[in-house]
Each structure stands twice: as structure tokens, then as C-alpha cells.
Amino acid sequence: MSEVRVNLHEAESGKQVPDAPCPGQVKPPRTESPSMDLQGLLPALSSPSAEVSPSPSAESSDLLSLPWEILIHIASHLPAHCVVNVLPKVCHTLRSVGEDATAWQLRAQRLIGSKARFPVGPREDFNWPTACLEMEQLITCWAGEVQHVAKQSEENEKEGDQVRLQERGQVPGGHENVGGNEVDRVGVAAQEVAYGADEGIEVVMEAEDGEMQPDLDGDQMARLREELEGSLEVGVAALIEDARMWLNAYVGRGGAHHDQNDPGYPRHVNNRGQAEMIQHKSSRSPSPPPALECITLPSSHIASVNSVLLLGGKGAVCATASRDYNVKLWDLEASPDGMLLHTLGRKGDFTSHRGWVWCLASEGSFLASGGFDSTVRLWDLQAGGTDRGLIKAGASVLCLSCQTDVLLAGTFDKRINMYDTRAAEPLIKSVRLHGNAVMCLAADDTYIISGSTDCTVAVYDRRALKALKKIKLSSFLSSMSYSGHEVWAGDSKGMLHSFSMQTGTLKPLSQFDVGHTALVSGIHRSQGSLYSCSTDKTVKIHIPSGPPRTLCTLRHPAEVHGLNVEAGIFAVAAGDVTVDIWRPRK
């Protein structure tokens with residue numbers, strides 16, 4: 001058995017291992033513990049000279065002679081990345097485990113609960129392994145980040161309480177418990193899900209519907225109760241004084257007034273924003289370091305940053321667009337906090353544009369920026385961001401989308417312009433699908449989907465050169481993300497909308513209230529992740545189910561104007577001239 005453990009470990013790391021027979025006697029797996037170690041149950045990996053070893057006979061492995069349903073159940077307790085990347089290297093039978101669509105669907109259901117709909121859109125051609133892999137990575141990263149930020153906030157609170165008590169000459173622990181308002185400080189709305197990956201414990205806030213329950217025994221529950229009671233031992237006078245001090249400081253910075261009893265009132269603030277969650281702790285060992293780190297790019301813009309875009313496919317380079325008329329390129333790997341590479345500009349110009357720069361898009365080696373100076377500027381990334389041309393759009397450019405052979409621009413004068421950036425006369429066609437400004441658009445090789453302040457969303461067929469459909473909504477769409485057969489969009493009232501998109505037919509599916517209270521300024525959806533940000537100063541990370549499962553909410557001190565996601569890196573642009581980058585910790 002120990003030999004098999006070594007072989008599987010080496011299979012994951014890619015090392016060459018000697019030939020070894022499959023284990024002869026294997027005990028049935030225990031399903032009580034979600035953190036079960038199954039490495040010893042897998043047959044040995046042959047040398048890399050053969051891609052996949054032949055399926056072992058029934059005599060050589062009791063594991064592979066088990067009924068298929070039991071084998072699938074055992075594999076369901078392995079991480080998705082192991083099923084995708086490791087099992088296919090072991091033998092043909094275990095490769096088939098990763099090809100079983102039903103097993104992946106059951107895994108997805110276990111992650112999000114049986115009552116949530118997933119995927120929200122069509123199931124045809126849906127990539128279940130990729131979706132499960134993305135969901136598990138998202139849960140692992142952001143649940144850990146929530147716990148880390150909450151721990152920092154708790155420590156900051158304790159330090160502040162001690163300072164205030166010392167100033168009053170009081171002894172800590174002499175106060176009576178506070179009621180509902182203090183409970184609100186410990187936890188937030190039940191829709192915020194924290195799915196703890198460390199220690200194999202699920203920490204889920206969906207217990208009220210009987211779907212998913214925390215895997216905690218009686219002693220752990222008792223300890224949690226004691227910790228909660230301990231956290232409530234703060235006097236009413238201290239709490240009121242704390243709130244007053246925070247409010248005075250916040251208003252002094254120009255922030256809006258908030259009711260202290262409002263559940264959305266930001267009570268934990270630090271340089272990384274606020275993460276909302278309910279904190280469940282394990283007594284077995286300390287939580288590991290968070291999987292993500294957050295850096296803030298060095299201050300360089302002198303006005304609000306409207307757009308951020310990660311470039312190159314690996315998220316190593318970042319472009320930012322600002323109301324200071326400039327576009328800047330950043331190297332995120334040159335230093336721990338990122339380094340400014342270039343401020344883009346044409347020869348003879350002092351700034352990148354002659355008005356606010358509102359949007360960015362990129363395809364291959366070129367970057368496009370659109371602004372309130374009614375131009376689209378093109379930049380050559382391979383040449384360090386040098387000027388590649390200027391396109392006069394005729395009106396303020398509010399959104400851009402780059403495809404392989406065309407650049408699309410939505411403008412304030414109700415039009416969608418299609419450009420061939422290689423041509424001397426780049427304009428291919430200009431269409432008017434809306435009765436007001438075009439705020440957002442998304443496209444593929446065949447269709448263009450656009451949203452306007454006239455509260456309509458339209459579909460245009462690029463090949464047939466005709467409009468296909470227009471849908472009237474109750475509020476206008478301000479941001480949009482299109483991938484696979486699903487379109488997700490955020491509107492001016494803080495709602496998220498989902499649509500299905502098949503063969504040119506756009507069909508509204510659902511709209512969701514995820515807690516945003518103002519315009520949704522950015523949205524990104526992939527098969528297993530959903531990010532949204534709003535001018536209500538929040539950024540939310542969700543699982544893209546119906547309804548979305550919100551993993552955490554980050555609060556920013558200023559309005560959030562945009563976001564972008566690439567290769568596991570998450571960038572946020574804000575109105576206080578800052579750009580935050582969340583990335584895997586090295």
C-alpha cells in the first residue's frame with residue numbers, strides 16, 4: 001500500500017516511477033470523512049514511456065473490480081484537478097472515471113446544492129469537468145480569503161477595543177452582551193456562502209433549507225458557541241463610540257452617510273477591503289495561509305480609473321484607463337507590487353486621449369482604447385505600446401469588443417461601429433439598433449449582443465448583416481459577459497440578468513438580486529465562476545448557479561468602475577485612482 005502511495009504522488013508531480021503491480025488487497029473506502037486520503041487506493045503508475053497502462057485484471061486490483069457506481073463514488077471525493085490530470089495517467093479504467101458526465105453533474109450538485117439550477121443556460125455542449133474544476137478552485141481561494149480577512153478584522157477590532165477600554169480605565173471583559181446589532185458584526189446575510197476547503201470541512205450558510213450542513217461535531221459546536229459568546233462581550237457604550245468614530249472618519253473622507261443599523265454598513269475596513277462571511281473554526285489545526293494575495297498598483301493615475309484589462313493570456317501585463325486621459329501598461333511580475341511600464345501616447349501628445357478614457361479591449365498583439373474624445377486609439381503591445389493608429393468614431397465610445405477579424409465599438413450616438421483595424425479606411429459598417437447610448441456589448445464570430453440606456457438588449461447577425469431580435473427590459477444593462485451559450489449582464493439597479501444564446505436566439509432566463517444596490521459596473525462569467533462589481537463600492541464573487549451562490553463580498557472605500565479576470569488573476573478598477581490585483585499566492 002505504501003508503494004502505491006509513493007507512485008501516485010510521483011504521478012501527480014510528473015516524476016518517473018518504476019513498474020509496480022496493482023495492490024492485491026484494498027479495503028473499502030470510508031465515506032464519513034470528507035478529507036479522506038484515497039491515494040493508497042489507486043494502482044501504481046507505470047513509467048512515462050507508455051502514456052496509459054493497460055487496464056489491470058480483476059485479480060490484480062480489488063478496487064477496479066468494484067461496481068462502477070462505487071468507483072465513481074470513491075473518485076467523487078478526490079479533487080477535480082486529480083480526476084482530470086492524474087487518474088487518466090494511471091489506467092484506462094480510471095481514465096473513464098473522468099469521462100463520466102453523470103459523475104461530474106453529481107459533483108456540481110454537491111458543490112452548489114440540489115435546489116440551485118446549474119448551469120443556468122442550456123446543457124448542450126456544457127463542459128462539466130471544466131466547470132467543476134473552476135468551482136472548486138474558486139471555493140478554495142475565496143473561502144480562504146474570506147477567513148483571512150475576517151481574522152485580520154477581528155484582530156483589529158480587539159486592538160481597538162483594548163485601546164478604548166484603557167482610555168476609559170476599564171478592565172476588558174466587564175461588559176454585558178450586546179444583542180442583534182453585534183451579531184450582525186459576526187455574520188452577514190445567509191446568501192453569503194463560505195465553503196471551507198481547508199481541513200476538508202464544509203462551511204456553508206445554506207443550512208436553513210436543509211440542503212447542506214456544516215460537518216461539525218458536538219464539541220466543535222460548543223467551541224463555536226463559546227467563541228461567539230466571547231466575541232459579543234463588548235459594551236454598548238464602546239460599540240456606539242466605535243461606530244461614531246468610524247462614521248466621522250468616513251464622512252470626513254467624503255463618503256456617504258450610512259445607518260449604523262444597516263446590515264450593509266461596512267464595519268470592517270482595511271487596505272484589502274471587507275470580506276463578509278460567517279466564521280467557522282476547526283480546533284484540529286490553524287487554517288493555512290490564504291491562497292490569494294492582493295496588491296495595489298503604485299499610484300500613477302491622477303483621476304478615477306474607469307477600466308482595467310489583463311493582457312497576454314497569463315495576466316502578467318495589465319492595462320488601465322483613467323479619467324486623467326491616459327492609458328498605462330503595468331508589469332505585474334517585475335516587482336511584488338507591480339511596475340509601471342509605459343504611459344501610452346501618440347507623438348506630440350501629452351496624454352493618451354484628449355478626454356476621459358472609458359473602455360479597453362484587446363486581441364492578439366494590439367490594444368484598443370475608447371474615450372470621450374470620440375476616438376478609438378490602437379496600440380501595438382509587441383512594440384511596447386507604440387501608437388498603431390486612430391479611428392474617429394463620431395461620438396463618445398462607451399464600450400469595445402475585439403474579435404479575430406473585427407473591432408466593435410458602442411457609442412453615445414446609439415450606434416455600433418464595426419472596424420477592420422488593418423485597413424486604411426477601417427469602418428466596415430455602422431448600425432443603429434437602439435434608441436439611446438450603447439452601454440455594453442459582447443460578440444462571437446457570428447453574433448453581436450448589445451445593451452443600451454433605452455432599456456433594450458439587441459442581437460445582430462454579422463454574417464447576414466441584419467438585426468435578429470430586440471428585448472425590452474425594466475432597466476438598462478450596464479455590463480455584459482458572453483461565453484458558451486450563456487449571457488450574463490448587470491443592470492442600472494444592481495440586478496444580474498441571465499440569457500441563453502443559441503443559433504441567434506436570445507432568450508431571457510432569470511434575473512437575480514445578489515445584494516448590489518447600485519449600477520453593476522462590471523461582470524465576468526465563465527463556466528464555473530461569476531464576478532460582479534458595482535458603484536455601491538462592492539465586489540462579489542459567486543458560483544454561477546441559479547440563484548448565484550455568493551462566496552464573499554469585498555467592500556471598497558470608493559465606487560468600483562470595472563473588473564477583469566484572466567488565468568486566475570482578478571483585477572479591480574476604482575474611483576479612488578487605485579487598481580487592486582488579486583492573484584494566487586506564490
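In the predicted model, W356 is partly exposed, with a relative accessible area of 33%. This value lies between the 20% limit for burial and the 50% limit for exposure, and W356 is therefore assigned to the intermediate class. W356 is located in the loop that links strand 6 (339-343) to strand 7 (357-363). Together with Y325 and F372, W356 makes a nonpolar surface patch of about 260 Å². Membership of such a patch requires over 30% relative accessible area, a condition that W356 meets at 33%.

Strand 28 (residues 569-574) presents another environment. Of its 6 residues, 6 are buried, so strand 28 is largely enclosed by the rest of the structure. Burial applies to both faces of the strand: I569, A571 and A573 point one way, F570, V572 and A574 point the other way, and all are buried.

Strand 28 is paired with strand 27 and with strand 29. Strand 27 (residues 560-566) runs antiparallel to strand 28 and is joined to it by 6 bridges. Within this pairing, V560 has A574 of strand 28 as its bridge partner; A574 is also one of the buried residues of the strand. The two strands form a hairpin with 2 residues between them, in which A567 adopts a positive phi near 55°. The pairing of strand 28 with strand 29 (residues 579-584) is likewise antiparallel and comprises 4 bridges. Here V572 stands opposite D580 of strand 29, and V572 is itself buried. This second hairpin has 4 residues between its strands, and V577, in the turn, has a positive phi of about 65°.

K470 belongs to strand 18 (residues 466-472). With a relative accessible area of 47%, K470 is partly exposed; the value is under the limit of 50% above which a residue is classed as exposed, and K470 therefore remains in the intermediate class. When neighbours within four places in sequence are left aside, the contacts of K470 are with L433, H434, T456, V457 and A458. One of these residues, T456, is 14 residues from K470 in sequence, and the C-alpha to C-alpha distance between the two is 6.5 Å. For L433, also among the contacts of K470, the backbone oxygen lies 2.5 Å from a polar atom of the K470 side chain. The side chain of K470 thus has a polar partner in the backbone of L433, while K470 as a whole is partly exposed.

Conventions. Residues are numbered from 1 along each chain as its sequence is written. This is a predicted model: local features need pLDDT of at least 70, side-chain atom pairs count only at pLDDT 80 or more; totals for chains, interfaces and linings use all residues. Side-chain values use heavy atoms; hydrogens and water are left out. Patches are made of residues with over 30% relative accessible area and no salt bridge: like charges are joined within 9 Å, nonpolar side chains (Val, Leu, Ile, Met, Phe, Trp, Tyr) within 5 Å. Accessible areas come from the Shrake-Rupley method with a 1.4 Å probe; for residues, only the protein chains shown count as cover. A salt bridge is a side-chain nitrogen of Lys or Arg within 4 Å of a carboxyl oxygen of Asp or Glu. Buried means under 20% relative accessible area, exposed over 50%, partly exposed in between (1.4 Å probe, protein chains only). Two strands pair if DSSP finds at least two bridges between them. Contact means heavy atoms within 4.5 Å. A polar contact is a pair of N or O atoms within 3.5 Å; within protein, one must be able to donate a hydrogen and the other to accept it, and residues adjacent in sequence count only if both atoms are side-chain atoms.
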